[in-house]
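Here's a quick briefing to read alongside the model. Grab your viewer and follow along topic by topic.

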Amino acid sequence: RTDKSMSRQLRSLAILAALGLAIVAPISLIYAESGPFSLSNDTQIVGLSMNVVNPDGSVTETVAPTSYFKKIENSFWTFVIGIFLFCASGPLLIWNECQAARYYRMLFRARNAIRKSQRCEKVDVDSKPLNKDGKLVCVYGTADCQDAPVTDTIFDFTLKNCIRLNRDAQMYQWVQTKHKEGEDKVRYTYHKEWKSTHVNSNGFKNSRGHENPPWWISRLDSRTMDVKEVSFGKTAEMVLHTAAIQTMSWYDSKDLSIPLDSVSSTVESQRKEAKCYAYNQASIFVSRDGNSTDVKDPNIGDFKICYTWIPDSIVSGEPITVMGKQVNRSFGAWSDGGDFCYDYCCQGIMQFFLSIICFCWVGGSAKNAYAIGGDEEEGLTDDSNADYKTFSAQDESMKTKGWFDFLSTGKGAVNASALLQSAENSERMLQLVLRLAGWLAMFIGLYWIFDPILTLLDIIPIIGPIVRFSVWALCLLVTVVLSLIIIVAAWITSRPLMASLALVAIFGLVGLSSWWGHQQDTAAAATAPTHHHN
């Protein structure tokens, strides 16, 4: 009996082994060469790679495929990062909408502050004094550096009548580009490019023939140099300091002349073979070995140094506009009250519906929403109280600091409404970018949360890819809907008055449509023929 029982157990084990082989054998044949459990030579060199230099100098790197268990390990870390991205995306979307609402509120309060302080778009401080200390003003006038120089310490030269000087230095270098070809091959190609930072060719896959020299002009970089202060307004006699100067960004090379001798002496002191050539009045080409004379035909290691500037009104012949808070004889950043409420907005109901339908819609103010008035100080009615808590009886200095500061400049005589509109356009672009970034973080995070499960299912030939694509599509749909809900909720909470009006309008339309449908049903029932039974 004992022998019989043992033989039965052996037969059972043999049957189970045969069934196991019957299941495993087809999978082993299918994945014999490229499967995750492959026992080919490729899988025996996991972590190693083989580089092949092509005739054109590029490199093709063949790497061993990642083992199946290594993929499972990597998917765990992907899961952790996915949870973080998904949890962070919602607060990012909410923060973006609230910050945008605060910024738009600040812009409209700035408009009302201008209406209250000067009652016109702009004031000419060349012909009028300015006595609005502590208040937001928009003024334009002559900006004069008065012989105060801007110094380039690298090349030891100075420029007068210059408010800001921008230097852009680039060296001609080899650059490596990575291209993925399939799952196990990476191709590295090389091309020449002007770069503003040094590219270390020692890290190239194929550095032979692609060597970059060191950044051989000492301390040379791209930077902006500013004058210390600028006299502003012939009659008002104001002064522009660093805060206002750093908001200027209309760089140009017109009327700018860079002394070639100063640049040449500095360059040749560091490398005797180097030669400098001016290819326009504000740009200099530096040949490292003196073999090239044209910036269009450079050699590796050559430099091009381009200058742009913001001249004062003496050179440009144009005034400069400043919009900010007057602080004695200068200007500082203006801030509205620190309360959160945003009860006034020039957006209409249509913008609300569009924000619900498409989160890429960031709206826009109504036409002439920031209009202040004419160029004269008379004839404009002061309606600054139209905005919630814009002004009160308390002293301006007693107000709490707002979320944002406003200090802006413009080239020429620019209206205050134009500066406010430009600031709004920049904020709306940032709002759109952050909306898309928040949704993308939510989508990637949710998809990565499923990565461990998807990695386990990748072993199944047909089902794995189908499930992965289905999860991808589901995550796309869920995150788009969820992002819309979060954006709309944040939009509503940050605009209580507009949201209330919009909700009243929505409920009104729903009630009207229900009433109209009921009336139609009643009329149809009254006109229907009546059947009499004998």
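**Two helix positions, one sheet, one cavity**

T78 has its place in helix α2, which covers residues 68-117. Keep in mind while clicking around that this is a predicted model. Below, the helix positions come first, then the strands around β8, then the cavities.

**T78 in α2**

- Is T78 buried or exposed? With a relative accessibility of 19%, T78 counts as buried, because the cut-off for buried is under 20% relative accessible area.
- Which residues does T78 touch, once its neighbours within four places in sequence are left aside? The contacts of T78 are W448 and D451.

**A489 in α9**

- Helix α9 spans residues 463-494, and A489 sits in that helix.
- A489 has a relative accessible area of 38%, so A489 is classed as partly exposed, a label for values between the 20% buried and 50% exposed cut-offs.
- If you want a long-range pair to look at, try A489 and I94: they're 395 residues apart along the chain, yet their C-alpha atoms are separated by 8.3 Å.

**The strands paired with β8**

- Strand β8 runs over residues 162-181 and pairs antiparallel with β15 (residues 303-311) through nine bridges. To find that pairing on screen, pick N166 in β8, whose bridge partner in β15 is T308.
- How many bridges join β8 to β10? There are four, again with the strands antiparallel, and β10 covers residues 223-226. Here R164 has D226 as its bridge partner in β10.
- With β9 (residues 185-195), β8 makes 11 bridges, and these two strands are antiparallel as well. One handy marker is Q173, which has E193 as its bridge partner in β9.
- β8 and β9 form a hairpin with three residues between the strands. In that hairpin, G182 takes a positive phi near 75 degrees, if you'd like to check the backbone there.

**Cavities**

- Searching the whole structure turns up two cavities of 30 Å³ or more.
- How much space lies in the largest cavity? It's about 50 Å³.
- Which residues line the largest cavity? The lining is made up of W250, P311, S316, E318, P319, I320 and K411.
- Sorted by class, that lining has four nonpolar residues, one polar residue and two charged ones.
- P311 links two of the topics here: P311 is in the lining of the largest cavity, and strand β15 covers residues 303-311.

How values were computed. Residues numbered from 1 in each chain as written. Predicted model: local features only at pLDDT ≥ 70, side-chain atom pairs only at ≥ 80, totals over all residues. Heavy atoms only, no water. 1 Å grid on protein atoms, 1.4 Å probe; cavity = no way out; pocket = protein on both sides within 12 Å on 5 of 7 lines; lining within 4 Å. Points joined across faces, edges and corners; volume = space filled by probe spheres on them. Nonpolar A, V, L, I, M, F, W, Y, C, P; charged D, E, K, R; others polar. Buried < 20%, exposed > 50% of the residue type's maximum accessible area, 1.4 Å probe, protein only. Pairing = 2+ DSSP bridges. Contact = heavy atoms within 4.5 Å.
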